[in-house]
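I opened the model to look up one sheet, the helices against it, and the salt bridges. My entries follow in the order of looking.

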Amino acid sequence: MNVGDRVRLLTGREEGIVTRLLDNDLVEVAIDNDFTIPVLRREVVVVAAEEHKAFGQSAASVAAERQAAASAPRPSFAPQKPDAPANSSVGGKKADKGPKPELPKAQKGLYLALSHQSPELLAVQLINNTDTDLLFTYGEEQQEKYRGLLSDKLGPKAVSKPLAHLHLKDFEQWPAAVVQLLPHRLNGDTAFELLTKRLAFRANSFYTSRQPAPILQKEAYLFQLDEKPAAPVALEKLAANLQAQLSGNAPAKPAAVAPVPEPVKTILPPSHEVDLHLEVLNPDAAILDPPLTNTAILRLQLDAFEDALSRALATNMHEIVFIHGTGNGTLRKEIHKNLSRNRDIKFFEDAQKEKFGYGATLVRLK
């Protein structure tokens, strides 16, 4: 048993990934990438890779889904009918299994997805959610130096193998990802120009990019690479350039100039207590003419909250307190709604009632 192995608990149906070997008899397992628990080695078994290849998901997961479906209560307003076997027939026709639930349709395009392999480890993959083949290269740029890592072909509606692995604890040292993309269709009637995309990850946009990934069928930090689709190549212009080069009349190409890399900005952690009162965020708000509307004030407070939270996550803070006051409760409600949707939050609660009353929220980060 090694770190990274997928295991199943013998005492239940849960599955997870081994994140640490604590000692000879104890391992740490991340369950569904949400929380980690120490487990005795004799109480887990490694899930064979062939199981996922054959069934698409583990046998335990299938059994759990079937049992949950069988034991689920039927709606009181619907007539109860016995479930027909999968291969049963009525009048010589196969029984209708009923409509399958539709997954939300993902927007077509090319994406770079970073998905959790464990709470701290992310796998980088390329998603081709289009109807054409894709030729691509993947590399990294760090300290003005580029390093090519992989080139391959990806079919339509497919996901690449992991291109790299990144640790969240090293977020500030992550290199920029450089991806080159060339759509291609066999016997197609259109040629496309090469797309080049450079992604430098920033805390304020990275942690808000988490969403269901197309094709991958799980949540990931998702970045679209073809916001501007590849343009078709003008064949007449291509032929004219080729003829000019063959005749020796083509103008000299300018020397290639490498783009100036963006300076690396140091992410500073916020203070342990972040005061979101308007007079703290904007001391001049009281003398503005016209005064700020309630909507503008709320937006200003939420922007300050989101900025502080993203910097706290990026700098691996353990907890942070947001002072929002009591008032009519609108700001508190919006903050709690945001926190409840964030998978990187361990829990949150009212903070230090003797100091703040009910006007502050303590947030514990994973």
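**Entry 1: the sheet.** Before reading strand partners I noted the rule that two strands pair if DSSP finds at least two bridges between them. The model is a predicted one. With that rule in mind I looked up Glu273 and found that its bridge partner in β19 is Val321. I then took the two strands as a whole: β18 and β19 (residues 319-323) run parallel and are joined by three bridges.

Next I asked in what order the strands of this sheet lie. I read β18-β19-β21-β20, four strands in an open sheet with mixed pairing. The edges are β18 (273-275) and β20 (345-350), each of which pairs on one side only. I also looked up the twist: neighbouring strands are turned by 20° against each other on average, direction ignored.

**Entry 2: helices on the sheet.** I asked which strands helix α6 touches. Helix α6 (residues 294-314) packs on the sheet and touches β18, β19, β20 and β21 (360-365). I noted about 170° between the direction of α6 and that of β19. Helix α7 (residues 330-340) lies across β20 and β21, and I read its angle to β20 as about 160°.

**Entry 3: Gln301.** I picked one polar residue of helix α6, Gln301. Is Gln301 buried or exposed? Its relative accessibility is 11%, so I entered Gln301 as buried, the limit being under 20%. I then looked for a polar partner and found the backbone oxygen of Leu276, 2.9 Å from a polar atom of the Gln301 side chain. Leaving out residues up to four places away in sequence, I listed the contacts of Gln301 as Leu276, His277, Leu278, Leu281 and Leu331.

**Entry 4: salt bridges.** I asked how many salt bridges the count comes to. The count is 14. I looked at three of these pairs in turn.

The pair I took up to begin with was Arg198 and Glu141, whose closest N and O atoms are 3.1 Å apart. This pair links distant parts of the chain, with Arg198 in strand β15 (residues 195-199) and Glu141 in strand β10 (residues 133-142), 57 residues apart. I entered Arg198 as partly exposed at 31% relative accessible area, and Glu141 as buried at 18%.

I moved on to Arg343 and Glu219, which form a salt bridge with 3.7 Å between the closest N and O atoms. Arg343 lies in the loop between α7 and β20, and Glu219 in strand β17 (residues 218-224), so the pair ties together parts that are 124 residues apart in sequence. I noted Arg343 as partly exposed at 40% relative accessibility. Glu219 is partly exposed too, at 30%.

The last pair I looked up was Lys337 and Glu334, whose side chains meet in a salt bridge at 3.6 Å, N to O. Why are Lys337 and Glu334 separated by about one helical turn? I put it down to their spacing, because they are three residues apart in helix α7. Lys337 is partly exposed, with a relative accessible area of 35%, and Glu334 is partly exposed at 26%.

To close the entry I checked for shared partners. Arg210, Glu219, Arg343 and Asp344 are joined into one network by salt bridges that share partners.

Methods. Residues are numbered from 1 along each chain as its sequence is written. This is a predicted model: local features need pLDDT of at least 70, side-chain atom pairs count only at pLDDT 80 or more; totals for chains, interfaces and linings use all residues. Side-chain values use heavy atoms; hydrogens and water are left out. Axes are lines fitted to C-alpha atoms, for helices over the stretch in contact, and angles run from 0 to 180 degrees between N-to-C directions. Contact means heavy atoms within 4.5 Å. Buried means under 20% relative accessible area, exposed over 50%, partly exposed in between (1.4 Å probe, protein chains only). A polar contact is a pair of N or O atoms within 3.5 Å; within protein, one must be able to donate a hydrogen and the other to accept it, and residues adjacent in sequence count only if both atoms are side-chain atoms. A salt bridge is a side-chain nitrogen of Lys or Arg within 4 Å of a carboxyl oxygen of Asp or Glu.
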